[in-house]
Amino acid sequence: FWEMMGYGANTVIFILAGVIIGGKMCEDIDLLDWQDFGWSLLLYAVVNIVRGLTVAILFPLLQRLGYGLDVPNASVMVWGGLRGAVGLALAMVVSGEETFQKKDRVLVIFHIGMIVVMTLTVNGSTTGMVLHFVGLDAGSANKEKILKDT
């Protein structure tokens, strides 16, 4: 039940954010330059690098806590950890904050939106390949037997 509620809330946030960001971008497109697309690509790379460094630094601790983290799962955690709903919600808060200059508000919304789009399209669509590469796509022998027998 709670997982479904979380999925629904996440969907609502993405829809609202898409409508708000789309509307703001249509109104304020003249405040953006082509260089801003390049900055978004750089920010996307930095976000992935920082996530990787965070997992690498905390890896010894994460190995010993909970279920224990291994390298294949850490790799998927770095690559497949989608970034979106919280960032979009914060970008919408910044967009309504009049204490920032209009260009800065537009840039925050634009860059967060671009990072979310790139994360969903690049990371989201290639996570299956990463799972295969690190060997986490194969089922256990028991699961294979159960599936074969049913």
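What is the volume of the largest pocket? In this predicted model, the largest pocket has a volume of about 280 Å³. The tour begins there and then moves to helix H2.

**First stop: the largest pocket**

Select Ile21, Met25, Phe110, Gly113 and Met114, the lining residues that lie nearest the centre of the largest pocket. The complete lining consists of 17 residues. Next, colour helix H1 (2-28) and helix H5, the elements that each give two or more residues to this lining. H5 provides the largest share, with six residues. In character, the lining residues divide into 14 nonpolar, two polar and one charged.

**Second stop: the length of helix H2**

Now select residues 35-64, which form helix H2, with 30 residues. From its first C-alpha to its last, H2 reaches 44 Å, close to the 44 Å expected at 1.5 Å a residue.

**Third stop: the bend**

Centre the view on Leu58, where H2 bends by about 60°. Then select Pro60, a proline that follows Leu58 within four residues.

**Fourth stop: the buried residues of H2**

Display the side chains of Asp36, Ser40, Tyr44, Asn48, Val55 and Phe59; these residues of H2 are buried. To see what surrounds them, add helix H3 (71-80) and helix H5 (102-133), against which the buried residues of H2 pack. H5 has thus appeared twice on this tour: in the lining of the largest pocket and here, as a packing partner of H2.

**Last stop: beyond H2**

Finally, select Gly66, which follows H2. The phi of Gly66 is positive, near 60°.

Methods:
Residues numbered from 1 in each chain as written. Predicted model: local features only at pLDDT ≥ 70, side-chain atom pairs only at ≥ 80, totals over all residues. Heavy atoms only, no water. Expected span 1.5 Å × (residues − 1). Bend = angle between axes of the 7 residues up to and from the residue. Buried < 20%, exposed > 50% of the residue type's maximum accessible area, 1.4 Å probe, protein only. Contact = heavy atoms within 4.5 Å. 1 Å grid on protein atoms, 1.4 Å probe; cavity = no way out; pocket = protein on both sides within 12 Å on 5 of 7 lines; lining within 4 Å. Points joined across faces, edges and corners; volume = space filled by probe spheres on them. Nonpolar A, V, L, I, M, F, W, Y, C, P; charged D, E, K, R; others polar.
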